[in-house]
Amino acid sequence: MKTQDIQNLAIKMGMESDFRGVEGVKKFLENKKNKFSKLTEELKKDFDKESLENPYLDSGVYNIAEDKEIKKVLVGIDVGPEEILIAKELKDIDLVIAHHPVGKGLAQLADVMHLQCDVYNYYGVPINVAEGLMKERISEVARGVNASNHQRTVDAAKLMKVNLMNSHTPCDNLAAKFLKELIENKKPETVGELIEILKEVPEYKMAMKIGVGPKIFVGSPENRCGKIAMSEITGGTEGSPKLYEKLANAGIGTVVGMHISEEHKKEAESANVNIVIAGHISSDSLGVNLFVDELEKQGIEIVSCSGFTRVSRIK
C-alpha cells in the first residue's frame, strides 16, 4: 500500500462506521457536488475539489516526499515537528500518521461537525433543532481554529522529507461504532455498570494505570442509565451545550463522550443527563487501533508515539 491507498482505506472504513450510513455519506457528497455545479466558473477556481470526494476534510494526506510502498509507520495522537524529527531519527519510517488534524485538516475541522446533526437526529433530536443549535457551534469552532499555525507540522515534514497524513473523524467513527455495539450488547442498567464495561476495554484499562480511566462527570454510579447515546465520540469536537436538554427530551438518560467542558457539564446537570467520560486520548487510541489493525494485516509495521497506545485485535 502507498500513502494515498492508506488514506482511501481510512475514508472507506470511516464511511462504513458512520452514523449516517454509507448511503447517507454518499448523499452528503452528492449535495456538495450539486452545489459545486451551480457555482460560477470564477468561484469554481477557488473551490476545494477534494471536498467532493472526501467526506472527512479533517483527515488527509499533507506530504508525499517519496511515493513508495509503505512498510513501517509511526502513529501518534498529536503529531508536531518533534514527532516528524523522531520519524527522521528512526530512519526506517515510511509514513507518519497523526490522529488529530494538522495543516489543511485542522483549518477545516468545523466542516465535519455537520455529522453531529445526524448523530443527534439518530438519537431522537429533531433534525431542524440539531442543525439550528449546531450552526452556531460550528461557526464558533471555525473561528477558533482560524488563528492556528496550521502548517507548522506540514512544513516540518516537507523540510525533512517525511511522508505525512492524518485520520481523525474516520477513526472516531470506528471508536463510536465499537462502543455503541459493546454497550448495546452488554445492556448496563446503572451508570456504575456502564463504567465497569468500559474499564474492560484494553485502551481504557491501560489509561486507568495513569489516572485517566473512564469517569462519571455528571450523575452517580447508582443512577440508572436510561437510553445511552454515543453522541460525543465523533464529529470533530464538542457540539452545542444546549443540546443536552434536547437529548433529555428525546429520552436520552446517559451520554458517553471523550471529554467535556465546564459549560457543557453545567448544561448536562441542568438537563439531568448522566455524563460518562470514557477518556480522550484512550478513545482516540481505540479508534486508531481499529484502523491500523487493517494496515498490520497488510504487513505494515506499526510504531507508537505521542500518546497512542497500541492494542492489536488481529486474531
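1. Let's start with how helices H9 and H10 sit against each other in this predicted model. Helix H9 covers residues 169-186 and helix H10 covers residues 191-199; their axes come within 11 Å and cross at roughly 125°. The two helices are therefore oblique to each other. As for the hand of the crossing between H9 and H10, it is right-handed.

2. Which residues make this contact? From H9 come Leu179, Leu182, Ile183 and Lys186, and from H10 come Leu194, Ile197 and Leu198. Sorted by character, the residues where H9 meets H10 comprise six nonpolar, no polar and one charged.

3. H9 has another helical partner to look at. Its axis and that of helix H14 (residues 280-297) come within 7 Å, crossing at roughly 100°. Because angles of 65 to 115 degrees count as roughly perpendicular, H9 is described as roughly perpendicular to H14.

4. On the H9 side, the contact with H14 is made by Cys171, Asp172, Leu174, Ala175, Phe178 and Leu179. H14 contributes Ser283, Asp284, Leu286, Gly287, Val288, Leu290 and Phe291. This set of residues between H9 and H14 divides into nine nonpolar, two polar and two charged. You may like to find Leu179 on screen: this residue of H9 is listed in the contact with H10 and also in the contact with H14.

5. Now turn to the sheet. Four strands form an open sheet with mixed pairing, in the order E5-E8-E7-E6. Which strands are at the edges? They are strand E5 (215-218) and strand E6 (227-232), each pairing on one side only. From one strand to the next, the twist averages 30°.

6. Within that sheet, it is worth following E6 to its partner. E6 pairs with strand E7 (residues 252-257) in the parallel sense, over four bridges. To locate the pairing in the model, look for Glu232, which stands opposite Gly257 in E7.

7. The helices and the sheet come together at H9. This helix lies across E6 and E7, and runs at about 175° to E6. So, because an angle over 145 degrees counts as roughly antiparallel, H9 and E6 are roughly antiparallel at about 175°.

8. Finally, here is the chain as a whole. The protein chain has 14 helices and nine strands. Its C-alpha atoms fill a box of roughly 55 × 50 × 35 Å along the principal axes. A compact globule of 315 residues would have a radius of gyration near 20 Å, and the protein chain has 20 Å, so the two agree.

Technical notes. Residues numbered from 1 in each chain as written. Predicted model: local features only at pLDDT ≥ 70, side-chain atom pairs only at ≥ 80, totals over all residues. Heavy atoms only, no water. Axes fitted to C-alpha atoms, helices over the stretch in contact; angles between N-to-C directions. Parallel < 35°, antiparallel > 145°, perpendicular 65-115°, else oblique. Left-handed = near helix turned anticlockwise from the far one by under 90°. Contact = heavy atoms within 4.5 Å. Nonpolar A, V, L, I, M, F, W, Y, C, P; charged D, E, K, R; others polar. Pairing = 2+ DSSP bridges. Rg over C-alpha atoms; globule rule 2.2 N^0.38 Å.
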